[in-house]
Every structure is written in structure tokens, then in C-alpha cells.
Amino acid sequence: MYLGEVIGTVVCERKYEGLQAKRFLVVQPVDHRRQPSGPPEVAVDTVSARRNDLVYLVGSREAALALDPWFVPVDSAIVGIVDSVDV
Amino acid sequence: MTLCRVLGTVTATAKHAAFAGRKLMVVQPIDERRQPIGASFIAVDHVCSAGRGDLVLVNREGNGVRQVLSDDSLPIRSLIVGIVDEVEV
């Protein structure tokens with residue numbers, strides 16, 4: 001899993017049926033100092049995150065497992081809104 | 001698996017149910033000389049009670065995590081699976 005900052009939204013009217021009613025957000029992956037750690041990506045939101053929120057995400061196969069239904073083509077999901085990073 | 005240094009903790013109130021009651025740590029991947037490599041990431045600590053500054057072994061793959069935590073449906077991908085006492089190369 002990794003940290004990210006929500007920087008925007010993506011709207012897709014036409015999409016795979018298992019992804020109906022899912023929210024897509026644009027996320028900039030960051031490290032613990034909130035420095036970018038890779039290119040921005042699109043993630044499915046499971047926690048009602050908002051723009052500028054610091055969140056944590058899960059990638060690869062496990063991203064789909066965060067969803068219901070879980071047999072969906074997703075490789076990045078927001079699974080928590082971060083209150084604080086204590087380092 | 002990845003050799004990492006524990007940098008600290010992450011707290012989150014709003015989170016996916018799979019993360020309820022799980023401790024989240026910020027870990028920094030390091031090389032065999034204990035130099036940082038790449039960006040820090042987040043790992044669940046459920047079996048080791050790791051603390052800040054500890055050198056740990058992190059499994060970064062979901063199947064192993066689901067096996068260790070005995071749940072076939074967990075959306076968790078990184079888990080601290082050992083506290084490292086010594087690395088000899």
C-alpha cells in the first residue's frame with residue numbers, strides 16, 4: 001500500500017458494468033513527506049475521499065478485492081483517509 | 001520480500017472495513033548496506049509488533065498476506081512478516 005494525495009476526479013459515463021456507481025479519483029502517489037513518488041494515477045474510491053485529502057491506496061489485484069463486486073478490472077483503490085503520519 | 005526500516009505510523013479513521021483494528025506503518029525500503037532505495041510505502045503490522053527504527057522484512061504480495069491473516073478476501077498487499085536481527089552479505 002502507499003500514500004497519495006487526491007488531485008482530481010474522472011467521470012466515465014460508459015464503462016464496464018461491474019464499475020457502475022464507482023467513483024474515480026486522480027491521485028498523486030506521495031511518500032511520507034508528501035513528495036511525489038511516481039506519476040499520477042486513477043483510483044477507485046471506497047471511502048468518500050475528497051480533493052486534497054491524503055489517502056492510502058492498495059494496488060494490483062488487491063485493489064479489486066476492496067470492491068463489491070470484486071471481480072472487476074481495477075488496479076488501484078483508495079482504502080483509507082489519513083488523519084496523520086507520525087514519523 | 002523487501003528489507004525495510006520502520007519510519008513511523010499512519011492513523012486513519014475513515015477506512016475500508018478490512019483495515020479495522022490493523023496497525024499501519026510507514027516503511028522505507030533499504031539495501032543490504034541499509035541505504036534507502038525508492039519511496040516509502042505503507043505496510044500492515046499484525047504479527048510482529050514492530051516499532052519505529054526496526055529493520056523489518058515486508059511481504060509485498062497479496063496472496064501471502066491473505067494466507068497469514070487467514071482471510072481469502074483481504075485487499076491488503078504489504079505485511080510486515082519479520083523483525084530482522086542481522087543481515088550478512
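## Exercises on a predicted two-chain model

In chain A, strand E3 (residues 41-45) runs parallel to E5(A), and 2 bridges join the two. The model is predicted.

**Exercise 1. Place the E3–E5 pairing of chain A in its sheet.**

Step 1. Start with a residue pair. A:Asp45 has A:Ile78 as its bridge partner in E5(A).

Step 2. Recall how such pairs form. Strands of a sheet pair through backbone hydrogen bonds, parallel or antiparallel.

Step 3. Follow the strand order. In chain A, 5 strands close into a barrel in the order E1-E2-E3-E5-E4. The pairing in this barrel is mixed.

Step 4. Add the twist. On average, neighbouring strands of this sheet are turned by 55° against each other, direction ignored.

**Exercise 2. Find the unusual backbone geometry in the loops of chain A, and decide whether A:Ala21 and A:Asn52 are buried or exposed.**

Step 1. Look for a cis peptide bond. The bond from A:Asp68 to A:Pro69 is cis, with omega near 0°. A:Pro69 sits in the loop between H1 and E5 of chain A.

Step 2. Look for positive phi outside glycine. A:Ala21 has a phi of about 70°. A:Asn52 has a phi near 75°.

Step 3. Locate both. A:Ala21 lies in the loop between E1 and strand E2 (23-30) of chain A. A:Asn52 lies in the loop between E3 and E4 of chain A.

Step 4. Count neighbours. The cut-off for exposed is 12 or fewer other C-beta atoms within 10 Å. A:Ala21 has 5 C-beta neighbours inside 10 Å, so A:Ala21 counts as exposed. A:Asn52 has 8 other C-beta atoms within 10 Å, so A:Asn52 is exposed too.

**Exercise 3. Describe the largest nonpolar core and the surroundings of A:Leu57.**

Step 1. Take the size. The largest nonpolar core has 48 residues.

Step 2. Name the residues with the most contacts inside this core. They are A:Tyr56, A:Leu57, A:Ala77, A:Ile78, B:Val27 and B:Ile42.

Step 3. Zoom in on A:Leu57. Set aside its neighbours within four places in sequence. A:Leu57 then contacts A:Met1, A:Tyr2, A:Gly4, A:Val27, A:Ala43, A:Ser76, A:Ala77, A:Ile78 and A:Val79.

Step 4. Set this against the general rule. In soluble globular proteins, nonpolar side chains tend to be buried together.

**Exercise 4. Work out what chain A brings to the contact with chain B.**

Step 1. Count residues. Chain A gives 27 residues to the contact and chain B gives 23.

Step 2. Assign the chain A side to elements. Strand E1 (2-10), strand E4 (54-59), helix H1 (61-65), strand E5 (76-81) and strand E6 (84-86) each supply at least two residues.

Step 3. Sort by character. The chain A side divides into 15 nonpolar, 7 polar and 5 charged residues.

Step 4. Check for strand pairing across the chains. E6(A) and strand E1 (residues 2-11) of chain B run antiparallel and are joined by 3 bridges. A:Asp86 has B:Thr9 as its bridge partner in E1(B).

**Exercise 5. Decide whether the radius of gyration of chain B agrees with that of a compact globule.**

Step 1. List the elements. Chain B has 1 helix and 5 strands. From the N terminus, their order is β-β-β-β-α-β.

Step 2. Compare the radii. A compact globule of 89 residues would have a radius of gyration near 12 Å; chain B has 13 Å, which agrees.

Step 3. Add the box. Along the principal axes, the C-alpha atoms of chain B fill roughly 40 × 25 × 20 Å.

Step 4. Check burial and contact range. Of the 89 residues in chain B, 37% are buried. Among contacts in chain B with a separation of 6 or more, 52% link residues 24 or more positions apart.

Note on methods: Residues numbered from 1 in each chain as written. Chains lettered and ligands numbered in written order. Predicted model: local features only at pLDDT ≥ 70, side-chain atom pairs only at ≥ 80, totals over all residues. Contact = placed C-beta atoms within 7 Å. Helix = DSSP H or I, 4+ residues; strand = E, 2+ residues; numbered from the N terminus. Nonpolar A, V, L, I, M, F, W, Y, C, P; charged D, E, K, R; others polar. Pairing = 2+ DSSP bridges. Rg over C-alpha atoms; globule rule 2.2 N^0.38 Å. Buried ≥ 20, exposed ≤ 12 C-beta atoms within 10 Å, placed from the backbone. Axes fitted to C-alpha atoms, helices over the stretch in contact; angles between N-to-C directions. Core = buried A, V, L, I, M, F, W, Y, C linked by C-beta atoms within 7 Å.
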